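Please open the model in your viewer with the sequence panel beside it, and keep a selection tool at hand. The tour goes from one selection to the next, with a short account of what is found at each stop.

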Amino acid sequence: MDAKLASADKLALVETVKLAQQRGMKGDKGGWKEFLKSYDKKFGASLSDPARRSPDALAAFLKTFTKEDDIKFFDKVLRCHANRELVEAFMKKCSDNESVEQRLVRLTLEHPRYAFDYCFPSHEEEWIVTKLGQKHKALRSEEMVAVDCEMVLCEDGTEALVKVCVVDRNLQVKLNELVKPNKKVADYRTDITGIAAKDLEGISCSLADIQKSMKKILSHGTILIGHGLNNDLQALKIDHARVIDTSFIFKYEDQHINRRPSLNYLCKYILHYEVRKEGDPHNCVDDACAAMKLVIAKIERGFDQPLPLVNEDVPESEKAKLFLHRIPITVPTEELHKIISGDLKIEFQPIRKGSRQKYSVLAMFKNPEEASQAFDDVEGDLEMDSSGRPQKLISFQLSTGETASFYIRKMVKEDPMTKVSLKKRLSNQVNDSLGDSKKIKTDIELLKECQCDNYVKEIEILNQRLTQKEDEISNLHKIISNLVRKQGL
């Protein structure tokens with residue numbers, strides 16, 4: 001451990017100390033602030049921000065820990081940092097003669113979403129951080145495997161691994177296992193996973209067993225491939241530095257970074273086949289093979305040009321849903337039923353990391369028409385999300401008297417005719433507001449001509465109404481401008 005602390009950079013040491021603080025960890029000389037009182041007689045704990053302390057002070061504090069569990073925890077955090085530093089340093093050093101495989105790793109790491117999507121809580125219990133082995137040999141490895149996982153929704157709002165498949169470069173299956181979830185399952189998502197409770201009867205394979213197998217597969221710097229790979233790694237609870245995410249290395253033309261092509265679209269456009277038919281559940285082997293085939297196609301044929309934006313087919317079952325997100329945890333589901341009209345079923349969605357104060361649900365209706373009608377019936381500010389799907393910001397009052405808000409969004413983008421209709425609708429709203437504004441101005445002029453003291457208060461009220469209407473007009477113009485820019489109308 002002393003050697004790792006001596007070679008660690010300050011950023012890694014700062015994060016490790018901060019994590020120790022958050023967990024309330026104490027070494028032989030107490031916690032961080034208690035340690036500072038004895039370590040620094042001049043400033044003591046008055047300068048307690050780890051970022052403002054020297055690497056020597058940070059390392060000295062971490063050396064006061066002697067318990068095996070504490071040392072393992074610090075080792076995991078430092079190894080994660082070291083792995084990423086090695087990969088980044090290697091990319092800079094070998095930028096002129098990097099392999100095609102390494103170039104795809106670099107493209108993944110350079111994607112604007114990488115820092116957010118791949119920021120895992122690797123220090124937490126059950127997580128493992130893979131070892132890169134011998135530095136140069138591991139980083140030059142061109143070995144690749146692709147993975148795909150299926151997850152179930154647990155009662156605590158998190159997801160748990162239920163199936164995993166790994167294939168090698170030759171599409172040979174290296175791992176294909178059902179996994180027994182370590183938490184109570186709320187929804188097996190059988191229509192997506194293809195797995196029901198009865199399929200897990202007699203299954204004893206655990207997450208720890210899968211991690212053990214994955215560590216062996218990923219040893220010596222093997223590159224891990226997947227589509228939306230961060231979701232698979234989150235389910236596996238594995239932090240691996242050398243990754244290729246096929247949703248990052250293929251991009252749409254002139255689209256927001258959040259707009260990523262689906263696996264099925266990439267297979268149809270690049271590989272000329274459908275990975276699954278509409279309504280079919282996912283197949284781990286097929287999806288892992290598809291990700292590997294896409295990377296091989298990228299290596300052999302390039303595909304460096306942006307992909308044409310094509311409206312992907314959305315299953316009818318998806319059109320019959322509305323996505324409610326950024327819902328404050330203080331809002332019970334009973335309140336949602338009061339706000340959203342129609343016969344609907346609420347399905348909770350996994351809680352994202354860093355979003356413990358908000359949650360999301362799917363509102364599921366009998367058919368797309370009912371879902372569309374429910375969306376239209378809700379009062380709220382209409383806008384488009386980054387993928388061109390219509391959504392509304394809803395503000396309402398709870399039965400407790402508190403005010404809350406959340407977004408309700410359709411699952412499908414508007415078709416061209418609907419978008420034109422939407423633009424007209426927004427324009428009509430602007431015109432109506434303009435008419436109201438002109439009428440108010442006329443009323444004000446007439447009242448001013450009367451020169452009656454009795455009308456002074458009414459003039460003030462009308463002025464306030466005018467200001468409000470002009471603000472509404474300005475906001476509607478902004479919405480139209482954004483709509484035109486995003487949708488190319």
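Begin by selecting glutamate 126, which lies in the loop between helix 7 (114-117) and strand 1 (128-129). This is a predicted model, and in it glutamate 126 has a positive phi of about 85 degrees although it is not a glycine. Is glutamate 126 buried, partly exposed or exposed? Its relative accessibility is 37%, so glutamate 126 counts as partly exposed, the class that lies between buried, under 20%, and exposed, over 50%.

Move next to histidine 220, in the loop between helix 10 (207-217) and strand 6 (223-226). Histidine 220 also has a positive phi, of about 65 degrees, and is not a glycine. With a relative accessible area of 62%, histidine 220 is exposed.

Now zoom out to the whole chain, which has 19 helices and 14 strands. Of its 489 residues, 44% are buried. Among the contacts with a separation of 6 or more, 67% are made by residues 24 or more positions apart.

For the interior, select Leu161, Val164, Ile210, Met214, Leu224, Leu236 and Ile244, the residues with the most contacts inside the largest nonpolar core, which has 61 residues. Helix 14 (residues 284-301) supplies the largest share of this core, with 9 residues. Apart from it lies another core, of 23 residues, which includes Leu322, Leu344, Ala371 and Val378.

Return to leucine 161 and display what surrounds it: leaving aside neighbours within four places in sequence, leucine 161 is in contact with Cys149, Glu150, Met151, Val179, Pro181, Leu207, Ile210, Ala235 and Leu236.

The last of these partners, leucine 236, is the next selection, and it is found in helix 11 (residues 229-236). Leucine 236 is buried, with a relative accessible area of 0%. Its contacts, again without neighbours within four places in sequence, are Val147, Cys149, Leu161, Val164, Leu207, Ile210, Gln211 and Met214. A distance to draw here is the one between the C-alpha atoms of leucine 236 and alanine 160, which are 76 residues apart along the chain and separated by 8.5 Å.

Extend the selection to all of helix 11, which is mostly covered, with 6 of its 8 residues buried; these are Leu229, Asn230, Asp232, Leu233, Ala235 and Leu236. Lysine 237 follows helix 11 and has a positive phi, near 55 degrees.

Two helix pairs complete the tour. Select helix 13 (residues 263-271) together with helix 14, whose axes come within 10 Å and cross at roughly 45 degrees; helix 13 and helix 14 are therefore oblique to each other. Helix 13 passes helix 14 in a left-handed crossing. On helix 13 the contact is made by Leu263, Leu266, Cys267, Ile270 and Leu271, and on helix 14 by Asp287, Ala290, Ala291, Lys293, Leu294, Ala297 and Arg301. By class, this contact of helix 13 with helix 14 has 9 nonpolar, no polar and 3 charged residues.

Finally, select helix 3 (residues 32-39) and helix 4 (residues 55-62), which pack at an angle of about 115 degrees with their axes 11 Å apart. The crossing of helix 3 and helix 4 is right-handed. Here Trp32, Phe35 and Tyr39 of helix 3 meet Asp56, Ala57, Leu58, Ala60 and Phe61 of helix 4, and the residues of this contact divide into 7 nonpolar, no polar and 1 charged.

Technical notes
Residues are numbered from 1 along each chain as its sequence is written. This is a predicted model: local features need pLDDT of at least 70, side-chain atom pairs count only at pLDDT 80 or more; totals for chains, interfaces and linings use all residues. Side-chain values use heavy atoms; hydrogens and water are left out. A nonpolar core is a set of buried Ala, Val, Leu, Ile, Met, Phe, Trp, Tyr and Cys residues joined through side-chain atoms within 4.5 Å. Buried means under 20% relative accessible area, exposed over 50%, partly exposed in between (1.4 Å probe, protein chains only). Helices (H or I, at least four residues) and strands (E, at least two) are DSSP runs, numbered from the N terminus. Contact means heavy atoms within 4.5 Å. Axes are lines fitted to C-alpha atoms, for helices over the stretch in contact, and angles run from 0 to 180 degrees between N-to-C directions. Angles under 35 degrees count as roughly parallel, over 145 as roughly antiparallel, 65 to 115 as roughly perpendicular and the rest as oblique. A crossing is left-handed if the near helix is turned anticlockwise from the far one by less than a right angle, and right-handed if clockwise. Ala, Val, Leu, Ile, Met, Phe, Trp, Tyr, Cys and Pro count as nonpolar, Asp, Glu, Lys and Arg as charged, and the others, Gly among them, as polar.
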